[in-house]
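Take a look at the fold below. This briefing covers its sheets, the helices beside them, its aromatic pairs and its main pocket.

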Amino acid sequence: MMIQIEKDPAKLGEVAAELFVKSAKAAIEATGKFNVALTGGSSPKGLYGLLAEEKYKSQVDWEKVFVFWGDERWVSLDDEQSNAGMAYEMLLNHVPVPEGHIFPMWAAGITPEARAQEYTGYLKKELGEEGVFDLILLGMGDDGHCASLFPGTAVLKEENKWVEGYFLKSKDIHRITLTAPLINKAKKIVFFVFGDNKAAALYEVLEGERNPTQYPSQMIQPIDGEVQWLVDEAAASKLKNV
């Protein structure tokens, strides 16, 4: 595990952009494609904006990029809560990724549970039966959740499914998410954690006692890959071992 702490979140956006480009180049050289899962929220907006700029945009062979998501609220792409909608606005509308290479989680006319099965099919087609992402981007909530792996939810116990759709009572909304077993197969996982409201949870996740039911981000421990935390000073303020 690697932790990089910076006072300015914008600096972490630059670090993440370099990581994205490096991962994309390595994957495309090795396999001819780059499979990435994006995240939502405010933290990755700086990264997406940078990747849409010529400096980084020109370094990626976007026609060989395949875009998935780590999780999604069950809302249409034009809803302001949509992770995919934000990614289109900030990045995907500005880079030449073929539309057939982009796989939003939400779809009309289907339940989240049925969509989870469909989405698993897309993943197996593009990632193969092993299900190894080249890169997964994640945020972390102030309750220690990541993707839609929330404290105390049944999805935390999932051991076989790659994708799960369910109703999140605490937020009164349906969610669809990659499961921890699939996430942990990735070659590289990058967490974005910004803001002093995340400080207590980040301490518990990284330095507290192991309690993944309460702090699900503790579940993210790649099997063969690596995890990197990009954290601003505000979020890191309670950490002692850095």
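Three strands build an open sheet, ordered β4-β7-β6, with antiparallel pairing. Keep in mind that this is a predicted model. Another open sheet has six strands, and its pairing is parallel.

**The three-stranded sheet**

- β4 and β6 (163–168) take the edges. Each has a single partner strand, so one side of each has no neighbour in the sheet.
- From one strand to the next, the twist averages 15°.
- β4 is joined to strand β7 (residues 173–178) by three bridges, and the two run antiparallel.
- Which residue of β7 is the bridge partner of glutamate 72? The partner is isoleucine 176.
- Helix α5 (112–127) lies across β6 and β7. α5 runs at about 160° to β6.

**The six-stranded sheet**

- The strand order is β1-β9-β8-β5-β2-β3.
- Which strands stand at the edges? They are β1 (2–6) and β3 (65–69). Each pairs with a single strand, so one of its sides is left without a neighbour in the sheet.
- The twist in this sheet averages 15° from one strand to the next.
- Strand β8 (residues 188–193) and strand β9 (residues 226–232) run parallel, joined by six bridges.
- Phenylalanine 192 faces a residue of β9: it stands opposite leucine 230.

**Helices on the six-stranded sheet**

- Helix α1 (residues 9–31) packs on the sheet. α1 touches β1, β2 (34–38), β5, β8 and β9.
- The direction of α1 makes about 160° with that of β9.
- Helix α7 (residues 199–207) lies across β1, β8 and β9. α7 runs at about 155° to β9.

**Aromatic pairs**

- The model has 10 aromatic pairs.
- One of them joins phenylalanine 68 and phenylalanine 103. Their ring centres are 4.6 Å apart.
- Why does this pair count as stacked? The ring planes meet at 5°, and planes under 30 degrees apart count as stacked.
- Phenylalanine 68 sits in strand β3, while phenylalanine 103 sits in the loop between α4 (83–90) and α5. The pair therefore ties together parts that are 35 residues apart in sequence.

**The largest pocket**

- A probe the size of a water molecule, rolled over the atoms, shows where empty space is left.
- The largest pocket has a volume of about 410 Å³.
- Its lining has 21 residues. Nearest the centre lie Gly40, Gly41, Arg73, Gly141 and His145.
- Which elements give two or more residues to this lining? They are β4 (71–73) and β5 (135–139).
- By class, the lining has five nonpolar, nine polar and seven charged residues.

Methods
Residues are numbered from 1 along each chain as its sequence is written. This is a predicted model: local features need pLDDT of at least 70, side-chain atom pairs count only at pLDDT 80 or more; totals for chains, interfaces and linings use all residues. Side-chain values use heavy atoms; hydrogens and water are left out. On a 1 Å grid over the protein atoms alone, a cavity is a set of points where a 1.4 Å probe fits but cannot get out, and a pocket is an open set with protein on both sides within 12 Å along at least five of seven lines; lining residues have an atom within 4 Å of a point. Grid points are joined across faces, edges and corners, and a volume is the space filled by probe spheres set on the points. Helices (H or I, at least four residues) and strands (E, at least two) are DSSP runs, numbered from the N terminus. Ala, Val, Leu, Ile, Met, Phe, Trp, Tyr, Cys and Pro count as nonpolar, Asp, Glu, Lys and Arg as charged, and the others, Gly among them, as polar. Two strands pair if DSSP finds at least two bridges between them. Axes are lines fitted to C-alpha atoms, for helices over the stretch in contact, and angles run from 0 to 180 degrees between N-to-C directions. Contact means heavy atoms within 4.5 Å. Rings of Phe, Tyr and Trp (its six-membered ring) pair if their centres lie within 6.5 Å; planes under 30 degrees apart count as stacked, over 60 as edge-to-face and the rest as tilted.
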